[in-house]
Amino acid sequence: MDNLVIEGGKRLTGEVTVSGAKNSVLPIMAATLLTDETCIIKGVPILRDTNTMLRILRSLGKGVEMSRDTVNITSTRNNKTFADYKLVSTMRASFCVLGPLLGKFKKAEVSLPGGCVIGIRPVDLHLKGIKALGADISIVSGYVVAKAKQLKGTTMYLGGICGSSVLATDNVMMAATLAKGKTVIESAACEPEVADLANFLIKMGAKIKGHGTPIIEIEGVKQLHGAIHNIIPDRIEAGTFIVAALITKGDILIKNVCHAHLGALIDKLQEAGAYITKTDSSVRVRLKRNLKPVNVTTLPYPGFPTDMQAQVMSLMSVTPGISLITEKIYPDRFMHVAELNRMGARIQREGAHAIVEGTKQLSGAPVMASDLRASASLVLAGLAAQGKTTVARIYHLERGYENLEQKFLTLGARIWRKKE
Ligand code: EPZ
């Protein structure tokens, strides 16, 4: 297993280009199960998670061909409706094959996703939505077994205790495209990745309105056809590079960015004193004066993204003063706190809150990655720290960041891989 070694204290400067969005491409690849025709998806990031989804599609009888950032997904007419635990347990997003399989084949057997270090992540909303469309659902030996003679459109409320659910909205929206009649999803997730999926489905012939808002309407159609689609940029990768510029007191131009998708993050960092200028498809990030501490509360989109909480905590850990970080989506998503404290940060966790007392300087140390965004926060802390940081278990990073260390190298970071 590889570790990542970072020699900190280097100011990052230059240009970097953001890849396609992981959280958009995964459900979009699953949506190709809704047709027997060929789909071409462009701007696909090469990640552990995209590879996992491609393996799941192959196991369900799809033909898959990947060249550079384009994937061709064809039908082999050898369709299967069984998604194996071995694959699904390695990546929660695989659970979003349930909706398209049920929509297309009126039956599906999909393993329940495994546990997750960022918190309890039930799938009750997914099942509630699918049941509302008229499917019979049972849980057998850790598998969701779903079947329906015909799915029927209906109006449903899909809000949960922490608000809307991204993948539950995706799953129900995909199943509803081939249901009889009209479906209305209330309290739908508004994330840009949900809207990107809807735009792909519309290119396949689906009838969808209201995507990107809390009310999505889907008029069922008889069948869907193939389509060509370009994936939106990854706003969380862009956000990670914005923090990298600030935490190293650097100057970075981040390209292939849709800054409208980063509203809450940019607003919060400007409140802290960041100097961020926007052009059509890029943002430039610099510091004109020292940052000041800010309080952050994570919320469903368009609120502050939970997937940026850990990275901004690293930034606040080197911003003198007190900041309060409140995690409303995954109240236990604080695996990075103990590791940052190993580097000399002063962070105290109180339930779903973390009180960060900023310090002038972190010091390099051996740390352990626990999940995708926590590992990004440790790399950022390592870039700012004095001395050497070694981040272990970087396979977490490879799940969601394409060529991260290469991109940091081009910005002037001292970063390299070392076999454990
Ligand atoms: C998506 O996960 C993202 N993953 C996550 O990104 C992201 O953190 C999350 O949305 C929130 O923005 C992908 O898109 C592949 P949710 P998802 O269902 O859809 C509760 C990353 O780092 N809930 O919106 O699984 C749930 O427990 C990953 O890239 C229910 O209660 O998240 C959570 O508290 C990590 N019942 C809240 O809703 C359900 O049936 C939001 O979760 C489903 C969810």
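# Close-up views of a predicted model

**View 1. An open sheet of four strands.** The strands of this open sheet follow the order E6-E7-E9-E8, and their pairing is mixed. Strand E6 (82-83) and strand E8 (136-140) form the edges, each pairing on one side only. The model is predicted. Strands of a sheet pair through backbone hydrogen bonds, in either a parallel or an antiparallel sense. E8 and strand E9 (residues 143-147) are antiparallel and share five bridges. Asp136 has Lys147 in E9 as its bridge partner.

**View 2. The hairpin of E4 and E5.** Strand E4 (residues 62-67) and strand E5 (residues 70-75) run antiparallel. Six bridges join E4 to E5. Val64 is bridged to Ile73 in E5. Two residues lie between the strands of this hairpin. Arg68 takes a positive phi there, near 50°.

**View 3. His126 and its surroundings.** His126 sits in helix H5 (residues 124-132). Is His126 buried or exposed? His126 counts as buried because its relative accessible area is 5%, under the 20% cut-off. Leaving aside residues up to four places away in sequence, His126 touches Phe95, Ser165, Leu167, Ala168, Asn171 and Val172. Two of these neighbours also appear in polar pairings with the His126 side chain. The side chains of His126 and Asn171 make a polar contact of 3.1 Å. At Ala168 the partner is the backbone nitrogen, 3.5 Å from a polar atom of the His126 side chain. A second histidine, His211, is 85 residues from His126 in sequence. The C-alpha atoms of His126 and His211 are 17 Å apart.

**View 4. Gly99 in helix H4.** Gly99 lies in helix H4. Gly99 is buried, because its relative accessible area is 0%. Which residues does Gly99 touch, not counting those up to four places away in sequence? The contacts are Ile130, Asn171 and Ala175. Asn171 is also a contact of His126. Gly99 and Asp170 are 71 residues apart along the chain, yet their C-alpha atoms are separated by 7.9 Å.

**View 5. Helix H1, mostly covered.** Helix H1 spans residues 22-31. Nine of its 10 residues are buried. The buried residues of H1 are Lys22, Ser24, Val25, Leu26, Pro27, Ile28, Met29, Ala30 and Ala31.

**View 6. Thr240 in helix H8.** Thr240 belongs to helix H8. Thr240 is buried because its relative accessible area is 1%. Where does a polar atom of the Thr240 side chain find a backbone oxygen? The backbone oxygen of Ile236 lies 2.7 Å from that atom. An α-helix has 3.6 residues a turn, so residues three or four places apart point the same way. Beyond residues up to four places away in sequence, Thr240 touches Met308, Gln311, Ala376, Leu380 and Tyr401.

**View 7. The second largest pocket.** How much space lies in the second largest pocket? The volume is about 350 Å³. This pocket is lined by 19 residues. Leu246, Ile247, Lys249, Val318 and Lys360 are the closest to its centre. Helix H8 (235-247) and helix H12 (372-384) are the elements that give two or more residues to the lining. By class, the lining holds 10 nonpolar, five polar and four charged residues.

**View 8. A cis peptide bond before Pro302.** The peptide bond from Tyr301 to Pro302 is cis. Its omega is near 10°. Pro302 is in the loop between strand E18 (296-297) and helix H10 (309-317).

**View 9. Positive phi at Lys106 and Arg393.** Lys106 has a positive phi, near 60°, in a residue other than glycine. Lys106 is in the loop between helix H4 (98-105) and strand E7 (107-111). Arg393 also has a positive phi, near 60°. Its loop connects strand E23 (388-392) and helix H13 (395-398). Why does Arg393 count as partly exposed? The relative accessibility of Arg393 is 36%, and partly exposed covers the range between the 20% and 50% cut-offs.

Terms used: Residues are numbered from 1 along each chain as its sequence is written. This is a predicted model: local features need pLDDT of at least 70, side-chain atom pairs count only at pLDDT 80 or more; totals for chains, interfaces and linings use all residues. Side-chain values use heavy atoms; hydrogens and water are left out. On a 1 Å grid over the protein atoms alone, a cavity is a set of points where a 1.4 Å probe fits but cannot get out, and a pocket is an open set with protein on both sides within 12 Å along at least five of seven lines; lining residues have an atom within 4 Å of a point. Grid points are joined across faces, edges and corners, and a volume is the space filled by probe spheres set on the points. Ala, Val, Leu, Ile, Met, Phe, Trp, Tyr, Cys and Pro count as nonpolar, Asp, Glu, Lys and Arg as charged, and the others, Gly among them, as polar. Buried means under 20% relative accessible area, exposed over 50%, partly exposed in between (1.4 Å probe, protein chains only). Contact means heavy atoms within 4.5 Å. A polar contact is a pair of N or O atoms within 3.5 Å; within protein, one must be able to donate a hydrogen and the other to accept it, and residues adjacent in sequence count only if both atoms are side-chain atoms. Two strands pair if DSSP finds at least two bridges between them.
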